[in-house]
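Open the model in your viewer and keep the sequence panel beside it. This tour tells you what to select, stop by stop.

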Amino acid sequence: MNIDLKEMTQLAPIFRELFKGYHLSRSEPEPYAQLSNMQDQYRALFKALGFELVCDPRGFYYFVPEQMGAQVNKTAQRLALFTFILVEHLADQGRDPLAVLDGGSLGRDELPALLDKYRDLFLQAEVTTQEELEEKVIRRLTQLGFAEDSNGVYRFLPPMHRFLDVCLSVQQDRDLAASLHSSDLPLPAPELIAEDESEDDIILIEEAAEESEEEALARAIAEEKELEA
């Protein structure tokens with residue numbers, strides 16, 4: 001495939017964001033538009049550098065690190081657990097979880113009641129205060145492109161579907177367990193697993209690799225030019 005770097009005017013911001021684990025969606029209009037229009041070229045370029053660009057049809061892009069270097073990190077588990085809690089909380093309130101987590105919003109003033117109601121589950125995520133909830137969960141959601149913070153109103157973005165997929169899988173497992181056992185038998189709540197015990201469906205790039213994004217981007221351009229020579 002012929003890749004013209006001159007046409008990739010958004011290469012630097014796209015690579016910078018994807019490299020640090022950010023999920024690009026329509027909330028970043030210019031990079032998203034170019035990724036959509038030049039999806040094959042970007043995928044081929046990044047693949048040559050060892051990065052897998054995932055183009056989710058629901059409207060977002062992200063990098064999956066090579067399996068050998070991938071780590072099931074606590075951030076991914078924590079965010080997945082938070083999504084599960086939100087789904088249950090919204091359903092209990094008679095609100096449609098999908099409508100909220102797919103472009104809807106949650107107010108900062110709702111966090112104290114949420115934390116109190118699911119305190120035992122939050123303890124698994126090492127979250128005991130609202131400050132820790134905002135720092136370890138909400139801030140990470142915004143940093144990775146899953147949500148936007150607009151003066152204390154958290155609007156969820158299309159990449160939340162990654163965690164919704166995990167919640168759906170968990171719910172299907174619970175429904176299966178309920179059909180096999182007495183309805184009086186309590187179903188276990190999801191638990192965070194140790195990082196070295198099992199794989200997670202979602203792997204986030206917790207920290208940048210030893211190579212900085214500037215070095216990696218420079219390498220990408222240099223290697224592509226060598227291919228053109």
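The tour visits one residue in a helix, then a set of paired strands.

**Stop 1: Gln34.** Bear in mind that this is a predicted model. Select residues 29-37, which make up helix H2, and pick out Gln34 within it. Is Gln34 buried or exposed? Its relative accessible area is 11%, and buried means under 20%, so Gln34 counts as buried.

**Stop 2: around Gln34.** Now show what touches this residue. Setting aside neighbours within four places in sequence, Gln34 contacts Glu7, Met8, Thr9, Gln10, Leu11 and Tyr42. Take Met8: it sits 26 residues from Gln34 along the chain, yet their C-alpha atoms are separated by 7.7 Å. Next, zoom in on Gln10. Its backbone nitrogen lies 2.8 Å from a polar atom of the Gln34 side chain.

**Stop 3: strand E3.** Select residues 60-64, which form strand E3. How many of its residues are buried? The count is 4 of the 5, so E3 is largely enclosed by the rest of the structure.

**Stop 4: the partners of E3.** Add residues 52-56, strand E2. E2 and E3 pair antiparallel, over 5 bridges. Click Val54 to find one of these links: its bridge partner in E3 is Tyr62. Then add strand E1, residues 24-25. E1 also runs antiparallel to E3, joined to it by 2 bridges. Here Leu24 stands opposite Tyr61.

**Stop 5: the turn.** Finish where E2 leads into E3. The two strands form a hairpin, with 3 residues between them. Select Gly59 in that turn: its phi is positive, about 105°.

Key
Residues numbered from 1 in each chain as written. Predicted model: local features only at pLDDT ≥ 70, side-chain atom pairs only at ≥ 80, totals over all residues. Heavy atoms only, no water. Buried < 20%, exposed > 50% of the residue type's maximum accessible area, 1.4 Å probe, protein only. Contact = heavy atoms within 4.5 Å. Polar contact = N/O pair within 3.5 Å; in protein donor to acceptor, adjacent residues only side chain to side chain. Pairing = 2+ DSSP bridges.
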